[in-house]
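Reader: I would like a close look at a single part of this model, a place where two helices pack against each other. Please say what meets there and which charged pairs lie around it.

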Amino acid sequence: MRLFLLFICGIILFYLSHYFPVTICVCVLGFTAARIFRANVLVQSMPNTKLHPQKLNFNGVKGTGPLADGSEGRQGLPFYTNTGINATWYNPQLHGLTYLSVLSLSMGIFYAYLRYQPPLDPAAYVNNLHQRLVVEGTFISIPQKTPYGFKQDMLIKSVYTPTNEPDLGRSLINEPISVFYTGSPLKPATTAVVLMTLKLSRTHVNPGSYISDPRLIGLIKDTEDIKVHSPPPTKGAWSEVLALVEGFRYRMTQSMQTAFGGDVGGFLRSITIGDMSGLTEAINDDFRKTGLSHLLSISGTHFGMLFTMVFYILRCLLHRLPFRLLNRMSLYVTTSEIAAACALPVIGVYLLVSGLSVPALRSFIMASVFLIGLLLGLRGQWLNTIMLAAFIVELIDPKAIFTVSFQLLFVAVLFIGLEVHRSTPDEDELVAGKPASIDSTVLRAAAYIKELLKQNVLISLAATVGTMPIVLYYFHTFSVVTVLANLFVVPYTGFVVMPLMLFSAVSFVLFEQFVLTDVINWSTEVMLYLIKVMADLPFSSVNVRAFPLAFLPLMYVALILFYRLKDRRVVFASILLLAALLVGYYRFTGRDAMRVVFLDVGHGDGAVVETPGGSVVVIDTGKSGREVEVYLRYRGKDEIDAIVLSHADNDHTGGLFRLLDKFRVRTVLDNGRIQYYYNKPIDIRHLQRGDVFVIDGVSFTALHPYDDFYTLSHAATGNDASLVLKVSGSGSSFLFTGDVQLEGEEDLLVAGKSLKTDVLKVSHHGSRNATSVEFLQKVAPELAVISVGRDDPYGLPNHEVVQRLNAVSLYRTDRDGAILITDSVGYLQVQRYVDFCIKKVRCLKDELDNLKNLFVVY
């Protein structure tokens, strides 16, 4: 176990060295020096008498010495001594173990170096982006439905421009890329020549968002741009197997959409073939609130349940064999070993059907290795089996340990092992001291059921508590009903829904038709209804404000001490210390000033105002509302006091309904020119020039528009009718201008001194038809913020507007990510989220910034 752990630590150290090189070097040198010093020559002052050789075990604990005949005892390692004042004790085996440990750590670092792939360099594709390219390749995955068509992975064979200019080929595109297209879905293994536009995916840089490296995606505009070729003959048995499996998965997907519709079909496809495109937002939200999100994607839970079910069925059948045959078999293998050996290929087939995705492969390895060791009676070696499984996963994908799915899976298995490994009373002890009678059987059965229920609760609780710190850190939410939900829903899914669905899938393989569809539909509907009932309970989930990354290892130290130490005083002292740190952190970083954050929502507007009392006002939602939702969860919010919409454009209001579904929203305020199509009641109020509302001492004043406002061309229902809102705190003010243009700005000039503000949200994403010189002179801001997307297709912000803003401090969401401005007493504090992101080191200052960011949040 130690060598596996050190190998994995070596991989971790290699990747962390990109961000903490000096710190990692110090840690590696310190570890090496400590190990060598421990195993080196130990000098002790002793009296000048004959010394008796002693023994130490691997942990340095004094053990048995040599026997009287000079032979070695059972435990420990021989130490050689001499006579004299100073006696030198030397342990050559401990030296060997030390060198092996250092070698294992070094091998992990070297292996990660060999497998390292640098992130995609956008500069290499700058001449080939946003232009039509001829691409030849093969679609290798099943098509997934999107709101605008289909998404499918494509393996590129060649890329060239229509004029036969330089070929990108496989030199720059050596990994499958995701392709988006409209029209009819394409079967896996289809080879085609398509006209495609390449783009780079860009993640929005916001607190709480997952920020990934850029990757290539392909866009096909018209179905006429796809010229399907006859699939070339596959080479090799493995390629034929994969082609056969993908073809089966595609046919199965098509048939499941017909046999199982709605939410039932979406859920069944997600747990059977790994297709999550049919899951609705409502289903995802219900599973998140109940802590059952791991059931939606194929994970270790599914493999574990399937393995356990097949294992016990096979073992039960083996026990029904004739006694003579069973007795002869037991001379060589146990029934548990036979059942485990037969169950493993079953979950291997399930892995193939699920699509051989990387998360599914990791789950398969982790679950199978751990469960085999557990069910074959290797409970004393459970840590070794976990580390072996992690070691195999790291050999396949060295970066796996940095993925959330692997961390959740590994930690869940670890804490389940910690719970299972704890001693439990034997069923005989449960009825000890009671007289033998007819009731003893009932007592034994009742005691067994009670103990089984207790163990299931403890195992569910151990997995929940073990994964809680990771869930809180990444997703900022905690499910109150998760233990109850996992106790009932997971077994029901694993031993009712999945067996029925797998039996029906076998029928589909044999006869191309699903069976028991009514039973499967009904049983799945019951499960989904139960989940919805638990999700709708008051406070079924609680949003938790983000905490520093440095707190995460402290939480796990306290949890492991709780499970491993017998001295409860030390355990509770560590837990109380951690609780004090968290309470102190939240207490001294609480509500003390107005916070205004301009989120990176791409081409659009999305801002959040937090009052000193903790109230929330959202000003525009962006196109999807996803960025606002993630940020509010990052801040631990579950209620929005008001959503203010400047005007009807989708890049300002597109996320409204998402926020209405995800949060408790008290009221929606707009400019009086927006129509709503929503199936639930909304408290809508219209603002006009002069309207004011106050929340926790922060005033919101509408400066534009008014009923009689018209432009020269038409009635003002577009950009010029944007709601212009002035937000004033204790010492500073902010002006939100929506997309108001030159005519609207000219009308605003009559406001005179009321326009004077400290922070200006630049109108219309920095377009040239706004932010005139006269308007800037009236506003006279100290700071200006432009909300604009990276590589904006409209060329925004306009360079003339940027030049007009030279006299003020200018911030842009495309360069700075989210921009937080805090209304502190007497001054404005500006924080860019890019400065809070841990980045690759170019100088010592970068590493110091990274170390600081481990202890702070945005």
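Author: The part to look at is the contact between two helices of this predicted model. From helix α7, the residues I283, D286, F287 and K289 meet M527, L528, I531, K532 and A535 of helix α17. Helix α7 covers residues 281–289 and helix α17 covers residues 517–535; their axes come within 8 Å and cross at roughly 65°. The crossing of α7 and α17 is left-handed. Two packed helices are described by the angle between their axes and the distance between the axes.

Next come the charged pairs. Side chains of opposite charge can pair when their charged atoms come close. In helix α7, E281 forms a salt bridge with K662, with 3.2 Å between the closest N and O atoms. Because K662 lies in helix α22 (residues 656–662) and E281 in helix α7, this pair ties together parts that are 381 residues apart in sequence. The two partners are covered to different degrees: K662 counts as buried because its relative accessibility is 14%, while E281, at 38%, counts as partly exposed.

The pair of E281 and K662 belongs to a network of salt bridges that also links D285, R288, K289, R626, E629, R633 and R658. K289 thus appears twice in this account: in the network and among the α7 residues that meet α17.

On the α17 side, there is a salt bridge in which the side chains of E512 and R251 meet at 3.5 Å, N to O. E512 sits in the loop between α16 (482–511) and α17, and R251 in helix α5 (residues 237–259), so the pair links distant parts of the chain, 261 residues apart. Both residues are partly exposed, E512 with a relative accessible area of 44% and R251 at 37% relative accessibility.

A pair within one helix can be set beside these. R804 and E800 meet through their side chains in a salt bridge of 3.9 Å, N to O. Both lie in helix α25 (residues 799–804), four residues apart, or about one turn of the helix. R804 counts as partly exposed at 28% relative accessibility, and E800 counts as partly exposed at 30%.

As for the whole structure, a search finds 29 salt bridges. The chain has 27 helices and 28 strands, and buried residues make up 46% of its 858 residues. Of the contacts in the chain with a separation of 6 or more, 68% are between residues 24 or more positions apart.

Terms used. Residues numbered from 1 in each chain as written. Predicted model: local features only at pLDDT ≥ 70, side-chain atom pairs only at ≥ 80, totals over all residues. Heavy atoms only, no water. Helix = DSSP H or I, 4+ residues; strand = E, 2+ residues; numbered from the N terminus. Buried < 20%, exposed > 50% of the residue type's maximum accessible area, 1.4 Å probe, protein only. Contact = heavy atoms within 4.5 Å. Axes fitted to C-alpha atoms, helices over the stretch in contact; angles between N-to-C directions. Left-handed = near helix turned anticlockwise from the far one by under 90°. Salt bridge = Lys/Arg side-chain N within 4 Å of Asp/Glu carboxyl O.
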